[in-house]
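Reader: I set up calculations on models like this one. Please take me closely through one part, the open sheet and what lies against it, and then go on to the helices and loops elsewhere.

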Amino acid sequence: MSQHVGKAVSHESAELHVTGEAKYVDDLWQGLKHVAHLWPVCAPHAHALVRRIDAASARAVPGVLAVFTAADVPGENDVGPARRDEPLFPSEVCFHGQAVAWVAGDSETAARLGAEAVSVDYEPLDAVLGIEAAIAAESFLTDVERMHRGQPEAVLKAAPLRFQGELFVGGQEHFYLESNAALALIDEAGAVLVQSSTQHPSETQEIIARVLGRPKNGVVVQCLRMGGAFGGKEVQANAWAAVAALAATALKRPARVRLTRAQDMALTGKRHPFLGRFDVGYEPDGRLSALRLDLYSDGGWSLDLSSPVLFRAMFHVDNCYLLPNVEIRGRVCRTHAVSHTAFRGFGGPQGMLMIEEIMDRIARLTSLPPHVVRERNFYRPGDTAHYGQSIKDADRIQRMWSQSKLRSQFDERLAEIEGFNGSHPHRKRGLAITPVKFGISFTTAFFNQAGALVLIYKDGTVQVNHGGTEMGQGLHTKIWQIAADALGVPLESVRIMPTRTDKVPNTSATAASAGSDLNGAAVVAACRALRRRLAEVAARHFGTEPEEIEFAGGRVFFSDTREPSLAFAELVNQAYLERIPLFETGYYRTPNIHFDRVSGKGKPFHYYAYGVAVSEVEVNGFTGQYALRAVDILHDVGDSLSPLVDRGQIEGGFMQGLGWLTSEELVWTASGALATRGASTYKLPSLGECPPRFVVELLAKAKEPGVVYGSKAVGEPPLMLALSVREALRAAVAAFGPGGRVVELQSPATPEAVYWAIERVRAGAVPAASTSAA
């Protein structure tokens with residue numbers, strides 16, 4: 001019986017958060033002396049050659065300590081994680097605002113004024129802006145990737161009904177509350193300690209060591225906590241940490257980088273924009289028979305994580321639907337934009353949006369209800385995905401769908417909405433239900449490993465070190481509960497330590513929703529090893545066998561009556577006296593995952609997380625403005641490790657998905673500059689967008705064997721539940737015109753986009769029927 005796991009406890013730093021006492025990277029320099037502050041010199045072109053940098057005037061600015069360029073890099077002038085295609089100080093500018101030099105000052109003001117005084121001569125070059133331009137210019141970062149099943153070409157030709165189309169999917173700004181920051185310090189031996197707002201301390205350590213030309217053991221990276229990350233600090237925290245480390249090493253003083261909000265938005269990558277072009281064959285009853293899909297993503301100027309993002313999009317093109325005959329081709333475009341990067345869902349949302357677009361078009365063209373078409377195409381037990389993996393618990397899709405319809409009174413509300421729409425010519429409501437199936441694991445197999453170091457002190461208190469980072473998602477809270485449960489001690493006896501590369505080395509990023517699965521299992525392994533040692537000491541004390549010893553509530557005993565017993569601290573002290581080691585490492589690697597890139601087949605995921613959402617909207621036909629009236633969510637988290645944390649992740653993920661799909665529109669100027677560089681021009685969802693009815697339920701009886709305490713990942717899957725809002729908006733838009741027509745809706749579906757979609761529906765400008773097979 002779990003003592004702490006599965007209980008609703010507050011976030012381990014909740015009190016610090018709400019009182020303002022929680023420390024972040026840029027809070028840590030305040031007590032230090034002689035801190036160097038850094039400011040970037042940013043290029044005013046999307047594509048240009050750097051011909052000359054003249055820093056003489058900058059060095060004359062009072063308070064300026066140094067101007068750093070490529071000539072000052074003692075090691076390798078590159079921060080690219082794998083391909084090494086990201087020069088820290090570039091000779092060729094590849095996106096608008098790219099930093100070509102950094103100025104250090106004894107104050108932030110001095111550094112900023114110094115950066116303004118740096119003179120740079122540029123030779124502007126033609127820029128490739130956007131996916132369409134990249135395709136036309138044959139500008140790509142990858143070759144074509146393929147996944148294939150069945151005979152899509154033959155079935156498409158023979159299909160009784162067929163259509164072609166395309167969908168552009170916009171990107172999304174991470175807009176974490178804490179912008180990117182790093183603080184570097186040098187010790188007496190010249191080694192570097194960097195406090196970094198990073199999701200991947202080990203990679204940040206590696207990049208710093210590369211730039212400084214040092215071995216990794218001379219660099220320590222610590223992440224105390226992040227004020228949000230969402231994937232945006234998985235790779236892109238590295239450059240800022242490297243700049244801080246370079247300055248600290250050169251100046252022999254602490255050095256600080258903190259991007260302003262405008263800088264962070266202009267200099268960092270976003271969720272990848274995607275363009276999908278599809279050719280669909282289907283039956284009169286709404287069943288999809290064949291699909292050919294070309295996916296293009298905008299990778300920006302460098303590869304970053306664009307290749308695995310594209311693969312996850314290709315993996316998730318099916319969502320919950322069987323694709324019997326399918327060919328998917330994907331390619332990453334190279335454009336002169338920021339290097340687009342990881343973002344919650346990691347390509348999965350873009351892939352799912354494509355198939356949901358297709359399902360709705362099939363429904364409109366067959367005059368069938370969209371929820372009926374979706375249900376008819378569901379995976380069934382025994383089915384496999386287009387990449388060869390068996391769909392474990394496929395019956396859960398139908399079970400959750402039926403439960404969600406019943407609990408949300410879907411059929412009754414649909415009838416009510418039809419009545420409302422019939423009597424309101426200028427206001428329409430829409431109701432939609434959509435499913436989610438999301439694969440859990442890093443799709444690069446070797447990242448699926450984690451380590452932990454657990455220390456027990458003589459007073460019975462515990463320190464837990466693990467490789468995962470805390471960004472507000474509650475990972476440390478779950479590890480806290482896991483460790484306390486595994487050792488049978490109170491929560492207050494356990495302290496989760498800041499993530500450091502000198503405690504647990506060679507860690508993977510906290511990403512892919514796998515933080516609790518991987519690090520939790522490593523912590524359990526360490527705790528169980530310690531518990532076995534302590535059980536042997538207790539068995540000798542009580543005169544029994546180690547298997548009879550139990551740990552609970554901070555006490556140790558061997559009988560059901562719990563008497564006699566020892567305090568955990570007493571047992572630990574006895575173990576110390578007997579020279580029993582009170583520290584242990586733990587290690588875990590996810591079993592039985594593999595994928596062959598050439599064949600496009602394998603088992604890339606350990607398991608799937610499922611969800612269903614029902615959303616209702618109301619749309620104003622005069623303006624396109626809309627309100628989200630109600631949301632009902634049923635989500636599968638296995639046996640929840642921490643229900644309060646999981647509910648927060650589901651609600652937050654849904655709202656972030658809502659922003660991506662409805663309001664968060666990134667706008668670049670014709671010169672390639674980002675125009676939406678703050679909350680005044682970039683519309684984030686807020687309390688006003690929360691529906692009056694917002695019901696979240698966790699699926700019961702959903703234990704996942706082989707995962708820590710039977711739980712499932714929860715970080716990314718809920719974001720895709722917001723697809724139900726987009727489909728509800730489409731249903732409302734369709735109600736302004738006759739049926740039997742495709743309803744084209746831009747993504748994001750801003751009020752402006754909804755207005756123009758209504759106008760097209762009213763004008764009958766969208767094809768009324770699908771094309772018959774030749």
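Author: What follows starts at the sheet and then moves outward to helices and loops. Keep in mind that this is a predicted model.

The sheet is open and has 8 strands. Their order is E3-E5-E1-E12-E9-E10-E11-E20, and the pairing is mixed. Two strands form the edges: E3, residues 64-68, and E20, residues 499-500. Each of these pairs on one side only. Look at the E20 end. E20 pairs with E11, residues 219-223, in the antiparallel sense. That pairing runs over 2 bridges. Within it, Cys223 has Thr499 of E20 as its bridge partner.

Two helices lie across this sheet. Helix H3, residues 108-117, lies across E1, E3, E5 and E12. Its angle to E1 is about 25 degrees. Helix H7, residues 238-251, lies across E1, E3, E5, E9, E10 and E12. H7 runs at about 30 degrees to E9.

One loop leads into the sheet. It joins strand E8, residues 161-169, to E9, and Phe175 is found there. Phi of Phe175 is near 45 degrees, a positive value in a residue other than glycine. Phe175 is buried, because its relative accessible area of 16% falls under 20%.

Gln409 makes a useful second case. Its phi is near 55 degrees, again positive in a residue other than glycine. Gln409 sits in the loop between helices H12 (395-407) and H13 (410-423). Gln409 is partly exposed, with a relative accessible area of 47%.

Now helix H14, residues 475-487. H14 has 13 residues and reaches 18 Å from its first C-alpha to its last. That is close to the 18 Å expected at 1.5 Å a residue. Of its 13 residues, 13 are buried, so H14 is largely enclosed by the rest of the structure. Gly488 comes just after H14 and takes a positive phi of about 70 degrees.

Next, a helix pair. The axes of H17 (643-662) and H18 (723-734) come within 8 Å and cross at roughly 45 degrees. The two helices are therefore oblique to each other. From H17, Phe654, Leu658, Leu661 and Thr662 take part in the contact. From H18, they meet Leu723, Ser724, Val725, Arg726 and Leu729. By class, the contact has 6 nonpolar, 2 polar and 1 charged residues.

Last, check two cis peptide bonds. From Ser747 to Pro748, omega is near 10 degrees. Pro748 lies in the loop between H18 and helix H19, residues 751-763. From Glu563 to Pro564, omega is near -5 degrees. Pro564 is in the loop between strands E22 (555-557) and E23 (565-567).

Note on methods:
Residues numbered from 1 in each chain as written. Predicted model: local features only at pLDDT ≥ 70, side-chain atom pairs only at ≥ 80, totals over all residues. Heavy atoms only, no water. Pairing = 2+ DSSP bridges. Helix = DSSP H or I, 4+ residues; strand = E, 2+ residues; numbered from the N terminus. Contact = heavy atoms within 4.5 Å. Axes fitted to C-alpha atoms, helices over the stretch in contact; angles between N-to-C directions. Parallel < 35°, antiparallel > 145°, perpendicular 65-115°, else oblique. Nonpolar A, V, L, I, M, F, W, Y, C, P; charged D, E, K, R; others polar. Expected span 1.5 Å × (residues − 1). Buried < 20%, exposed > 50% of the residue type's maximum accessible area, 1.4 Å probe, protein only.
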